[in-house]
Amino acid sequence: MTNETTNKQWAIIVNPHAGGKKAFQFWQKLSVALREQGIGYDIAFTEGPFHAVQLAKKFRHQLYEQFLVIGGDGTLSEVVHGVFSCSVPPNPTITLSIVPIGTGNDWARFWGITPTIERVVQSLLNHKTQTIDIGQISFVTYQGIPQTRYFINALGEGFDAKVTKLTTYLGSIFKGKSWLYSLSVFIVPFVYRAKPIHIEFDNGLLVQKKIYTLSCGNGCYTGGGIKQTPHAVPTDGLFDVMMVESPSLWGIITGIHALFKGKLMQHKLVQSTQTKHFTISSDYPLCMEIDGISLPETYQATISILPKAVRFIVV
(Lines give C-alpha, C1' and ligand atoms only; values in the text may rest on other atoms or scores of the structure.)
Protein backbone atom coordinates (compact mmCIF):
# COMPACT_ATOMS: atom_id res chain seq x y z
CA MET A 1 0.00 0.00 0.00
CA THR A 2 1.36 3.41 -0.93
CA ASN A 3 0.43 6.67 0.76
CA GLU A 4 0.02 9.07 -2.16
CA THR A 5 -2.39 11.62 -0.66
CA THR A 6 -4.06 12.66 2.56
CA ASN A 7 -6.69 10.53 4.25
CA LYS A 8 -9.40 12.90 3.00
CA GLN A 9 -9.01 11.41 -0.47
CA TRP A 10 -10.10 8.09 -1.97
CA ALA A 11 -8.98 4.72 -0.63
CA ILE A 12 -8.97 2.48 -3.71
CA ILE A 13 -8.98 -1.30 -3.26
CA VAL A 14 -8.43 -3.35 -6.41
CA ASN A 15 -8.90 -7.09 -6.83
CA PRO A 16 -6.42 -7.48 -9.70
CA HIS A 17 -7.69 -10.96 -10.60
CA ALA A 18 -11.39 -10.02 -10.79
CA GLY A 19 -13.06 -10.49 -14.15
CA GLY A 20 -10.19 -12.61 -15.45
CA LYS A 21 -7.70 -9.83 -14.56
CA LYS A 22 -9.82 -7.19 -16.32
CA ALA A 23 -9.92 -5.26 -13.05
CA PHE A 24 -6.17 -4.68 -13.12
CA GLN A 25 -6.30 -3.61 -16.76
CA PHE A 26 -9.12 -1.19 -15.92
CA TRP A 27 -7.10 0.25 -13.04
CA GLN A 28 -4.12 0.95 -15.28
CA LYS A 29 -6.33 3.17 -17.47
CA LEU A 30 -8.25 4.69 -14.58
CA SER A 31 -5.10 5.74 -12.72
CA VAL A 32 -4.12 7.94 -15.67
CA ALA A 33 -7.56 9.59 -15.74
CA LEU A 34 -7.51 10.21 -11.98
CA ARG A 35 -4.15 11.95 -12.16
CA GLU A 36 -5.32 14.07 -15.08
CA GLN A 37 -8.37 15.19 -13.07
CA GLY A 38 -6.34 15.80 -9.90
CA ILE A 39 -8.30 13.23 -7.89
CA GLY A 40 -6.16 12.11 -4.96
CA TYR A 41 -6.08 8.51 -3.87
CA ASP A 42 -4.27 5.78 -2.00
CA ILE A 43 -4.15 2.41 -3.78
CA ALA A 44 -4.00 -1.16 -2.48
CA PHE A 45 -4.26 -4.51 -4.28
CA THR A 46 -5.79 -7.65 -2.80
CA GLU A 47 -3.63 -10.76 -2.72
CA GLY A 48 -6.25 -13.39 -1.91
CA PRO A 49 -9.54 -14.14 -0.13
CA PHE A 50 -10.38 -11.82 2.80
CA HIS A 51 -7.37 -9.58 2.13
CA ALA A 52 -9.76 -6.74 1.23
CA VAL A 53 -11.06 -6.92 4.82
CA GLN A 54 -7.59 -6.19 6.19
CA LEU A 55 -6.94 -3.46 3.63
CA ALA A 56 -10.22 -1.71 4.50
CA LYS A 57 -9.37 -1.85 8.20
CA LYS A 58 -5.94 -0.39 7.54
CA PHE A 59 -7.47 2.46 5.58
CA ARG A 60 -9.98 3.12 8.36
CA HIS A 61 -7.15 3.31 10.90
CA GLN A 62 -5.74 6.04 8.66
CA LEU A 63 -9.19 7.69 8.90
CA TYR A 64 -10.15 7.28 5.26
CA GLU A 65 -13.89 7.63 4.72
CA GLN A 66 -14.15 7.27 0.93
CA PHE A 67 -13.69 3.82 -0.61
CA LEU A 68 -13.60 2.87 -4.29
CA VAL A 69 -13.70 -0.88 -4.95
CA ILE A 70 -12.58 -2.27 -8.31
CA GLY A 71 -13.79 -5.87 -8.44
CA GLY A 72 -16.91 -7.91 -7.84
CA ASP A 73 -19.57 -8.35 -5.19
CA GLY A 74 -17.26 -10.42 -3.01
CA THR A 75 -14.56 -7.76 -2.89
CA LEU A 76 -17.13 -5.07 -2.09
CA SER A 77 -18.58 -7.27 0.65
CA GLU A 78 -15.14 -7.75 2.20
CA VAL A 79 -14.55 -4.00 2.23
CA VAL A 80 -17.92 -3.46 3.93
CA HIS A 81 -17.03 -6.06 6.54
CA GLY A 82 -13.62 -4.48 7.07
CA VAL A 83 -15.13 -1.02 7.56
CA PHE A 84 -17.79 -2.17 10.02
CA SER A 85 -15.65 -4.65 11.99
CA CYS A 86 -12.76 -2.21 12.40
CA SER A 87 -11.91 -0.83 15.84
CA VAL A 88 -12.38 2.65 14.33
CA PRO A 89 -16.17 3.06 14.56
CA PRO A 90 -18.06 3.43 11.25
CA ASN A 91 -20.15 6.51 10.65
CA PRO A 92 -22.80 7.61 8.12
CA THR A 93 -20.31 9.85 6.30
CA ILE A 94 -18.40 6.81 5.00
CA THR A 95 -18.85 6.62 1.22
CA LEU A 96 -18.58 3.56 -0.99
CA SER A 97 -18.25 3.30 -4.76
CA ILE A 98 -17.72 0.32 -7.03
CA VAL A 99 -16.37 -0.44 -10.47
CA PRO A 100 -18.22 -3.73 -11.14
CA ILE A 101 -15.72 -6.13 -12.68
CA GLY A 102 -16.60 -9.47 -11.16
CA THR A 103 -18.59 -12.61 -11.88
CA GLY A 104 -22.12 -11.60 -10.85
CA ASN A 105 -21.98 -7.83 -10.28
CA ASP A 106 -25.43 -8.01 -8.69
CA TRP A 107 -25.10 -5.00 -6.40
CA ALA A 108 -24.07 -2.73 -9.27
CA ARG A 109 -26.85 -4.17 -11.46
CA PHE A 110 -29.48 -2.79 -9.09
CA TRP A 111 -28.09 0.73 -9.53
CA GLY A 112 -27.38 0.41 -13.24
CA ILE A 113 -23.65 1.01 -12.74
CA THR A 114 -21.33 0.14 -15.63
CA PRO A 115 -17.50 -0.04 -15.62
CA THR A 116 -16.41 2.88 -17.78
CA ILE A 117 -13.55 5.29 -17.12
CA GLU A 118 -15.71 8.35 -17.78
CA ARG A 119 -18.45 7.21 -15.41
CA VAL A 120 -16.02 6.48 -12.58
CA VAL A 121 -14.23 9.81 -12.90
CA GLN A 122 -17.48 11.79 -13.07
CA SER A 123 -18.98 9.89 -10.14
CA LEU A 124 -15.99 10.67 -7.93
CA LEU A 125 -16.14 14.33 -8.94
CA ASN A 126 -19.93 14.75 -8.67
CA HIS A 127 -20.29 12.61 -5.55
CA LYS A 128 -24.02 11.88 -5.97
CA THR A 129 -24.90 9.41 -3.21
CA GLN A 130 -27.72 7.43 -1.63
CA THR A 131 -27.72 6.44 2.02
CA ILE A 132 -28.01 2.65 2.12
CA ASP A 133 -28.66 -0.13 4.62
CA ILE A 134 -26.12 -2.79 5.61
CA GLY A 135 -26.76 -6.35 6.85
CA GLN A 136 -25.27 -7.99 9.94
CA ILE A 137 -25.18 -11.66 10.93
CA SER A 138 -23.97 -12.99 14.29
CA PHE A 139 -23.39 -16.68 15.04
CA VAL A 140 -21.14 -19.13 16.89
CA THR A 141 -18.94 -21.59 14.96
CA TYR A 142 -18.55 -25.30 15.70
CA GLN A 143 -15.42 -24.40 17.64
CA GLY A 144 -17.44 -22.11 19.92
CA ILE A 145 -16.03 -18.91 18.40
CA PRO A 146 -18.51 -16.00 18.19
CA GLN A 147 -18.48 -14.25 14.83
CA THR A 148 -20.19 -11.18 13.41
CA ARG A 149 -20.11 -10.54 9.69
CA TYR A 150 -21.43 -7.62 7.65
CA PHE A 151 -22.87 -7.80 4.14
CA ILE A 152 -24.26 -5.41 1.57
CA ASN A 153 -26.42 -7.30 -0.93
CA ALA A 154 -27.85 -10.63 0.22
CA LEU A 155 -27.67 -13.59 2.57
CA GLY A 156 -28.63 -17.12 1.65
CA GLU A 157 -29.26 -20.39 3.51
CA GLY A 158 -29.71 -23.95 2.34
CA PHE A 159 -29.94 -24.52 -1.41
CA ASP A 160 -28.86 -20.94 -2.08
CA ALA A 161 -25.70 -21.35 0.02
CA LYS A 162 -24.90 -24.75 -1.48
CA VAL A 163 -25.12 -23.21 -4.95
CA THR A 164 -22.74 -20.46 -3.84
CA LYS A 165 -20.28 -23.01 -2.49
CA LEU A 166 -20.32 -25.02 -5.72
CA THR A 167 -20.08 -21.85 -7.83
CA THR A 168 -17.00 -20.79 -5.87
CA TYR A 169 -15.41 -24.19 -6.43
CA LEU A 170 -16.17 -24.17 -10.15
CA GLY A 171 -14.93 -20.59 -10.32
CA SER A 172 -11.51 -21.74 -9.16
CA ILE A 173 -11.40 -23.85 -12.33
CA PHE A 174 -13.29 -21.68 -14.83
CA LYS A 175 -12.19 -18.16 -13.93
CA GLY A 176 -14.72 -15.31 -14.10
CA LYS A 177 -17.53 -17.16 -15.90
CA SER A 178 -20.98 -15.71 -15.19
CA TRP A 179 -22.77 -18.92 -16.24
CA LEU A 180 -21.28 -20.92 -13.35
CA TYR A 181 -24.09 -19.90 -10.98
CA SER A 182 -26.73 -21.14 -13.42
CA LEU A 183 -24.85 -24.43 -13.85
CA SER A 184 -24.65 -24.88 -10.07
CA VAL A 185 -28.40 -24.24 -9.75
CA PHE A 186 -29.04 -27.30 -11.92
CA ILE A 187 -26.49 -29.53 -10.14
CA VAL A 188 -27.26 -28.88 -6.45
CA PRO A 189 -30.86 -30.31 -6.47
CA PHE A 190 -29.37 -33.77 -7.00
CA VAL A 191 -27.31 -33.59 -3.79
CA TYR A 192 -29.15 -31.30 -1.37
CA ARG A 193 -32.25 -31.95 0.79
CA ALA A 194 -34.34 -29.60 2.93
CA LYS A 195 -33.76 -29.46 6.72
CA PRO A 196 -36.13 -28.64 9.61
CA ILE A 197 -35.56 -24.98 10.55
CA HIS A 198 -36.95 -22.63 13.19
CA ILE A 199 -37.17 -18.95 12.16
CA GLU A 200 -38.51 -16.08 14.28
CA PHE A 201 -39.10 -12.71 12.61
CA ASP A 202 -39.49 -9.41 14.44
CA ASN A 203 -42.83 -8.89 12.68
CA GLY A 204 -44.33 -11.82 14.60
CA LEU A 205 -44.05 -14.43 11.85
CA LEU A 206 -42.86 -17.83 13.11
CA VAL A 207 -41.69 -20.51 10.66
CA GLN A 208 -41.14 -24.09 11.85
CA LYS A 209 -40.88 -26.44 8.90
CA LYS A 210 -38.47 -27.99 6.43
CA ILE A 211 -37.00 -25.16 4.39
CA TYR A 212 -35.21 -25.91 1.15
CA THR A 213 -33.79 -22.45 0.59
CA LEU A 214 -33.89 -18.97 2.08
CA SER A 215 -32.76 -15.70 0.55
CA CYS A 216 -32.54 -12.51 2.60
CA GLY A 217 -32.21 -9.54 0.27
CA ASN A 218 -30.98 -6.04 0.90
CA GLY A 219 -30.69 -5.78 -2.89
CA CYS A 220 -32.93 -7.66 -5.31
CA TYR A 221 -30.37 -9.47 -7.51
CA THR A 222 -28.24 -12.55 -6.85
CA GLY A 223 -26.44 -15.09 -9.02
CA GLY A 224 -25.67 -12.78 -11.91
CA GLY A 225 -29.06 -11.11 -12.37
CA ILE A 226 -31.53 -13.54 -10.78
CA LYS A 227 -34.28 -11.97 -8.68
CA GLN A 228 -34.85 -14.12 -5.59
CA THR A 229 -36.15 -11.10 -3.66
CA PRO A 230 -37.55 -8.94 -6.48
CA HIS A 231 -38.99 -6.21 -4.25
CA ALA A 232 -35.90 -5.67 -2.08
CA VAL A 233 -34.69 -2.07 -1.89
CA PRO A 234 -31.44 -1.24 -0.01
CA THR A 235 -32.75 2.11 1.24
CA ASP A 236 -36.00 1.16 3.04
CA GLY A 237 -34.58 -0.19 6.33
CA LEU A 238 -36.00 -3.66 5.67
CA PHE A 239 -34.85 -7.05 4.45
CA ASP A 240 -37.00 -8.93 1.95
CA VAL A 241 -36.92 -12.63 2.88
CA MET A 242 -37.95 -15.43 0.51
CA MET A 243 -38.36 -19.02 1.74
CA VAL A 244 -39.14 -22.23 -0.14
CA GLU A 245 -40.65 -25.22 1.66
CA SER A 246 -39.35 -28.75 1.09
CA PRO A 247 -40.24 -29.43 -2.55
CA SER A 248 -40.76 -32.59 -4.55
CA LEU A 249 -38.56 -33.18 -7.59
CA TRP A 250 -41.31 -31.62 -9.72
CA GLY A 251 -41.46 -28.70 -7.29
CA ILE A 252 -37.71 -28.15 -7.71
CA ILE A 253 -38.03 -28.22 -11.51
CA THR A 254 -40.97 -25.80 -11.57
CA GLY A 255 -39.30 -23.61 -8.95
CA ILE A 256 -36.06 -23.29 -10.94
CA HIS A 257 -38.10 -22.54 -14.07
CA ALA A 258 -40.00 -19.83 -12.19
CA LEU A 259 -36.74 -18.44 -10.80
CA PHE A 260 -35.19 -17.94 -14.22
CA LYS A 261 -38.45 -16.59 -15.65
CA GLY A 262 -38.68 -13.98 -12.89
CA LYS A 263 -41.87 -15.50 -11.48
CA LEU A 264 -40.54 -17.16 -8.32
CA MET A 265 -42.82 -15.21 -5.97
CA GLN A 266 -45.84 -16.73 -7.73
CA HIS A 267 -44.77 -20.30 -6.95
CA LYS A 268 -47.01 -22.11 -4.45
CA LEU A 269 -44.10 -23.27 -2.26
CA VAL A 270 -42.69 -19.76 -1.83
CA GLN A 271 -43.33 -17.68 1.28
CA SER A 272 -42.03 -14.13 1.71
CA THR A 273 -41.91 -11.41 4.34
CA GLN A 274 -40.19 -8.16 5.24
CA THR A 275 -38.24 -7.76 8.45
CA LYS A 276 -35.57 -5.79 10.28
CA HIS A 277 -34.36 -8.66 12.44
CA PHE A 278 -34.75 -12.44 12.63
CA THR A 279 -33.17 -15.53 14.15
CA ILE A 280 -32.70 -18.86 12.43
CA SER A 281 -31.82 -22.15 14.12
CA SER A 282 -31.80 -25.88 13.46
CA ASP A 283 -30.69 -29.17 14.96
CA TYR A 284 -28.81 -29.65 11.71
CA PRO A 285 -25.85 -27.56 10.50
CA LEU A 286 -26.95 -24.38 8.76
CA CYS A 287 -25.17 -23.76 5.46
CA MET A 288 -25.11 -20.00 4.85
CA GLU A 289 -23.52 -17.39 2.57
CA ILE A 290 -23.33 -13.62 2.32
CA ASP A 291 -22.73 -11.79 -0.96
CA GLY A 292 -21.47 -15.00 -2.55
CA ILE A 293 -19.04 -15.76 0.31
CA SER A 294 -19.58 -19.02 2.22
CA LEU A 295 -19.78 -18.79 6.02
CA PRO A 296 -18.71 -21.39 8.61
CA GLU A 297 -21.57 -23.75 9.44
CA THR A 298 -23.51 -23.07 12.62
CA TYR A 299 -26.69 -24.14 14.43
CA GLN A 300 -28.09 -20.67 15.10
CA ALA A 301 -27.69 -17.17 13.68
CA THR A 302 -29.15 -13.72 14.23
CA ILE A 303 -29.56 -11.42 11.23
CA SER A 304 -30.21 -7.68 11.56
CA ILE A 305 -30.36 -4.66 9.27
CA LEU A 306 -28.36 -1.51 9.98
CA PRO A 307 -30.49 1.26 8.43
CA LYS A 308 -28.90 4.22 6.68
CA ALA A 309 -25.44 2.97 7.59
CA VAL A 310 -23.25 4.37 4.77
CA ARG A 311 -23.38 6.42 1.61
CA PHE A 312 -23.10 4.83 -1.80
CA ILE A 313 -22.25 6.61 -5.05
CA VAL A 314 -25.05 5.82 -7.50
CA VAL A 315 -23.89 7.35 -10.80
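**Helix packing, cysteines and unusual backbone angles**

Helix 5 (residues 117-126) has Arg119, Val120, Val121, Ser123 and Leu124 as its buried residues; buried here means under 20% relative accessible area, with exposed over 50% and partly exposed in between, using a 1.4 Å probe and protein chains only. Helices (H or I, at least four residues) and strands (E, at least two) are DSSP runs numbered from the N terminus. This is a predicted model, in which local features need pLDDT of at least 70 and side-chain atom pairs count only at pLDDT 80 or more, while totals for chains, interfaces and linings use all residues. Residues are numbered from 1 along each chain as its sequence is written, and side-chain values use heavy atoms, with hydrogens and water left out.

So what do the buried residues of helix 5 pack against? Their partners are strand 1 (10-14), helix 1 (18-37), strand 3 (66-71), strand 4 (95-100) and strand 17 (298-313), with contact meaning heavy atoms within 4.5 Å. Just after helix 5 comes His127, with a positive phi near 60°.

Now to the helix pairs. Two packed helices are described by the angle between their axes and the distance between the axes. Axes are lines fitted to C-alpha atoms, for helices over the stretch in contact, and angles run from 0 to 180 degrees between N-to-C directions. Helix 1 packs on helix 5 at about 45°, and the two axes are 10 Å apart. That makes the pair oblique; angles under 35 degrees count as roughly parallel, over 145 as roughly antiparallel, 65 to 115 as roughly perpendicular and the rest as oblique. The crossing of helix 1 and helix 5 is right-handed, a label used if the near helix is turned clockwise from the far one by less than a right angle, with left-handed used if the turn is anticlockwise. On the helix 1 side the contact involves Phe26, Lys29, Leu30, Ala33, Leu34 and Gln37, and on the helix 5 side Ile117, Val120, Val121, Leu124 and Leu125. Sorted by class, that contact comes to 9 nonpolar, 1 polar and 1 charged residues. In this scheme Ala, Val, Leu, Ile, Met, Phe, Trp, Tyr, Cys and Pro count as nonpolar, Asp, Glu, Lys and Arg as charged, and the others, Gly among them, as polar.

Helix 2 (residues 51-61) and helix 3 (residues 73-85) make another pair, with axes that come within 7 Å and cross at roughly 45°. Helix 2 is therefore oblique to helix 3, and their crossing is right-handed. Helix 2 brings His51, Ala52, Val53, Ala56, Lys57 and Arg60 to the contact, while helix 3 brings Thr75, Glu78, Val79, His81, Gly82, Val83 and Ser85. The mix here is 5 nonpolar, 5 polar and 3 charged. Also in helix 2 is Gln54, which is partly exposed at 48% relative accessible area. Its C-alpha atom is 25 Å from that of Cys287, and the two residues are 233 apart along the chain.

Helix 6 (residues 159-171) packs on helix 7 (residues 180-187) at about 125°, with the axes 8 Å apart. These two helices are oblique to each other as well, and they cross in a right-handed way. Phe159, Asp160, Val163, Leu166, Thr167, Leu170 and Gly171 of helix 6 touch Leu180, Tyr181, Leu183, Ser184, Val185 and Ile187 of helix 7. By class, the residues of this contact split into 9 nonpolar, 3 polar and 1 charged. Thr164 also sits in helix 6 and is buried, at 8% relative accessible area. Beyond its neighbours within four places in sequence, Thr164 contacts Glu289, Gly292, Ile293 and Ser294.

Asp291 lies in the loop between strand 15 (288-290) and strand 16 (293-294). Its relative accessibility is 9%, so Asp291 counts as buried. Most residues other than glycine have a negative phi. Asp291, though not a glycine, has a positive phi of about 50°. Lys21, not a glycine either, has a positive phi of about 75°, and Lys21 is in helix 1.

How many disulfides does the structure hold? The count is 0, with a disulfide taken as a pair of cysteine sulfur atoms within 2.5 Å. For Cys216, the nearest cysteine sulfur is that of Cys220, 14 Å away. For Cys287, the nearest is that of Cys216, at 16 Å. Cys216 is buried, with 0% relative accessible area, and Cys287 is buried too, at 8%.
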